[in-house]
Every structure is written in structure tokens, then in C-alpha cells.
Amino acid sequence: MRIVIAGGHGQIALRLERLLAARGDEAVGIVRKAGQDADLRAAGAKAVLCDLESASVDEVAGHLEGADAAVFAAGAGPGSGADRKNTVDRDAAVLFADAAERAGVRRYVVVSSMGADPAHQGDDIFDAYLRAKGEADDYVRGRAALDWTILRPGMLTDDAGTGLVRLEASTGRGPIPRDDVAAVLAELVDSSATAGLTLELISGSTPVSVAVKSVAGN
């Protein structure tokens, strides 16, 4: 499979790229800075330079041509203001979805956030982030040409992954290692059986592959 990942230099994306490369898939990461390509090569992935805040739909669609799946894992990151929550966490996700549709890539997986909601109230930066993610999720849900799955992890940690998770429509809050988020994403891109689902993810007691199979088709 050829899998194109927006936000290819992110912490979850790099982990996902290693997993995909290890199993023989072609991982392509879209990055914003030229100096990030070495880290992707070390992960076994190919880097494509493209700024999703300024690129056109046609430009991004060109990078998605021939892909079997697209994963949106980009984010403005800590320290960014409310404006970039909108331009990256919302607008870039919309752009990537439009580009996937134009390129004929049906499988589309979004790394969202637990609590994402376009109607979320509050004036803090994190409130703006949850609104932006919620608005992006709603947009993706409306794309009939995409076999989308929205993944909403709980509190991300850098602990070593356990391979044991809880993956459901509603899990309640809890932590989840980035390793395990990447492992779930690797399973999700491999099958469209979870298309049309918005799933929450925290650490649990179910092996990743079993958890994904359990929610498939629900």
C-alpha cells in the first residue's frame, strides 16, 4: 500500500511511518520544512515538501495520486495561537480531504482529539483547538466520496506502547501512548471496515488488532 500522511514529521506520524515501512508499505509524509526529510528517511518514509497552509487543492491532490489511503495527522502544535489552530487543525484538514477526493483516494483517516466539538465553548487556546478539530471532523463526515474514520485519542503520552487499548465510540477520558495511537492507525488504514465511524482511544486491555476488528462495521 501507498499511504500519504499529512503532518509527516509529527510525533505520531513518525511512529506510524516506521510501522508502515516495517511491514513493507510505502509511507509518504508531507512536511513543511526541508530539513525534516532526514527524520522521515530514518523512519523508512519518503518526504514530500508541501505547506498545507498555502498549498492549493490541486497541488496536494498531485501528491496523493496513486495512494491507497490518506492520514491527516498534522497539527499546529503547542505554542501556536488560535489563528493557526484554524489554519492547520481545521483548514488544512479540509484541504487534505478535498485533495484526497480529487485524487480519488477513498480511505481517509483523521487524527482528531477527544472533546473535539464545533460548538465547544471557551476563549482559551485549547478551546479554539477543540472547536477547530470539531469543525474539521464535521466537514470530513460530510464527504460522501471518502471512506473516512475519525480517531480521537485521549491524553497523549510518550510512554512505551503496550499494544493494549480501548477503542470505542465513547471511552471516557484517559491516557494513551503515542506508540499505541500509531499502531491503531496502521490497522485502520489497512481496512475500510471502520469507515463512517468516529472512535475514541485510550489505553485498555484489548490487543490493537482485536480492538479494530471489534468495532469494524459498527
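I will go through two helix packings and one strand pairing in this structure, which is a predicted model.

Let me begin with helix α1, residues 11–22, and helix α6, residues 178–189, whose axes come within 8 Å and cross at roughly 55°. That angle makes α1 oblique to α6, and the crossing is right-handed. If you look at the side of α1, the residues that take part are Q11, I12, R15, L16, L19 and L20, and they meet R178, D179, V181, A182, A183, L185, A186 and V189 in α6. Sorted by class, this contact has ten nonpolar residues, one polar residue and three charged residues.

The second packing involves helix α3, residues 57–64, and helix α4, residues 82–103, where the axes are 8 Å apart and the angle is about 60°. Here α3 is therefore oblique to α4, and the crossing of these two helices is right-handed. The contact is formed by V57, D58, V60, A61 and L64 from α3, together with L95, F96, D98, A99, A100, R102 and A103 from α4. Of the residues in the contact of α3 with α4, nine are nonpolar and three are charged, while none is polar.

Now to the strands. Strand β5, residues 107–111, pairs with β6 in the parallel sense, and the pairing runs over five bridges. Within it, V109 stands opposite T149 of β6. How many of the seven residues of β6 are buried? Six of the seven are, so to speak of strand β6, residues 147–153, as mostly covered is fair.

Notes. Residues are numbered from 1 along each chain as its sequence is written. This is a predicted model: local features need pLDDT of at least 70, side-chain atom pairs count only at pLDDT 80 or more; totals for chains, interfaces and linings use all residues. Side-chain values use heavy atoms; hydrogens and water are left out. Axes are lines fitted to C-alpha atoms, for helices over the stretch in contact, and angles run from 0 to 180 degrees between N-to-C directions. Helices (H or I, at least four residues) and strands (E, at least two) are DSSP runs, numbered from the N terminus. Angles under 35 degrees count as roughly parallel, over 145 as roughly antiparallel, 65 to 115 as roughly perpendicular and the rest as oblique. A crossing is left-handed if the near helix is turned anticlockwise from the far one by less than a right angle, and right-handed if clockwise. Contact means heavy atoms within 4.5 Å. Ala, Val, Leu, Ile, Met, Phe, Trp, Tyr, Cys and Pro count as nonpolar, Asp, Glu, Lys and Arg as charged, and the others, Gly among them, as polar. Buried means under 20% relative accessible area, exposed over 50%, partly exposed in between (1.4 Å probe, protein chains only). Two strands pair if DSSP finds at least two bridges between them.
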